[in-house]
Amino acid sequence: MPPGDLQKAKVDAMYLIRERLFGFGDDAEITDENGGPVLQVDGTMLSLRDRLVLRDPDGREVAQVQRRLAAMRPTYQISVAGEQVAKVRKQLFTPFVDRYTIDIPGPDDLEMLGDLFDHEYTVRRGGQVVATASKAFFSIRDTYAVDIACDQDQLLILASVLALDLAEDRERKQR
């Protein structure tokens, strides 16, 4: 699927996120379910501020994910075309489950809920599941699928999943 169509997919779409095992930083590639390239994810190495740049197959930047330093809880900002479109924040005090809020302008915030460390979670809007992430069907260590409903902003959800990866990775390193 061409990257320009990410935000307006007309059918449910499945994406595979594969971390590059021999890359530097937090590099990954996102493909469609048939293995066609959708996005390259370039992470910054040795940075105080976690930052990912999402590029289309031609190398053009389509979005950024960046950690906000002056936040009381883990918060990541998502920008598309240089404009902030969402903040991904970890909710505090959520026993037995990991929970993040994807705060977008207006009333339609999203919530990520589940076992985020093992990449088994759902993305919900108003209590309804709009996307799922799962590692269950992959024997490759750093590969997981993200299945997104057709009426959702595909790029926003993929960027939010990557923000969650950054937050969870930072948390693991601090333990």
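In the predicted model, Asp 103 is partly exposed, its relative accessible area being 25%. This residue engages Arg 89 in a salt bridge, with a separation of 3.3 Å between the closest N and O atoms. Asp 103 belongs to strand 8 (residues 98-103) and Arg 89 to strand 7 (residues 83-90), so the salt bridge ties together parts of the chain that lie 14 residues apart in sequence.

Strand 8 also contributes Arg 99, which forms a salt bridge with Glu 111. The closest N and O atoms of Arg 99 and Glu 111 are 3.1 Å apart. Glu 111 is located in strand 9 (residues 110-115), and the pair links distant parts of the chain, 12 residues apart. With a relative accessibility of 24%, Arg 99 is classed as partly exposed.

A further salt bridge is found between the side chains of Asp 42 and Arg 55, with an N to O distance of 2.9 Å. Asp 42 is situated in strand 3 (residues 37-43) and Arg 55 in strand 4 (residues 51-55); this pair, too, connects distant parts of the chain, at a spacing of 13 residues. Both partners are partly exposed: the relative accessible area is 24% for Asp 42 and 27% for Arg 55.

In addition to these pairs, Asp 56, Asp 58 and Arg 60 are joined into one network by salt bridges that share partners. The count for the model comes to 5 salt bridges.

Note on methods:
Residues are numbered from 1 along each chain as its sequence is written. This is a predicted model: local features need pLDDT of at least 70, side-chain atom pairs count only at pLDDT 80 or more; totals for chains, interfaces and linings use all residues. Side-chain values use heavy atoms; hydrogens and water are left out. A salt bridge is a side-chain nitrogen of Lys or Arg within 4 Å of a carboxyl oxygen of Asp or Glu. Helices (H or I, at least four residues) and strands (E, at least two) are DSSP runs, numbered from the N terminus. Buried means under 20% relative accessible area, exposed over 50%, partly exposed in between (1.4 Å probe, protein chains only).
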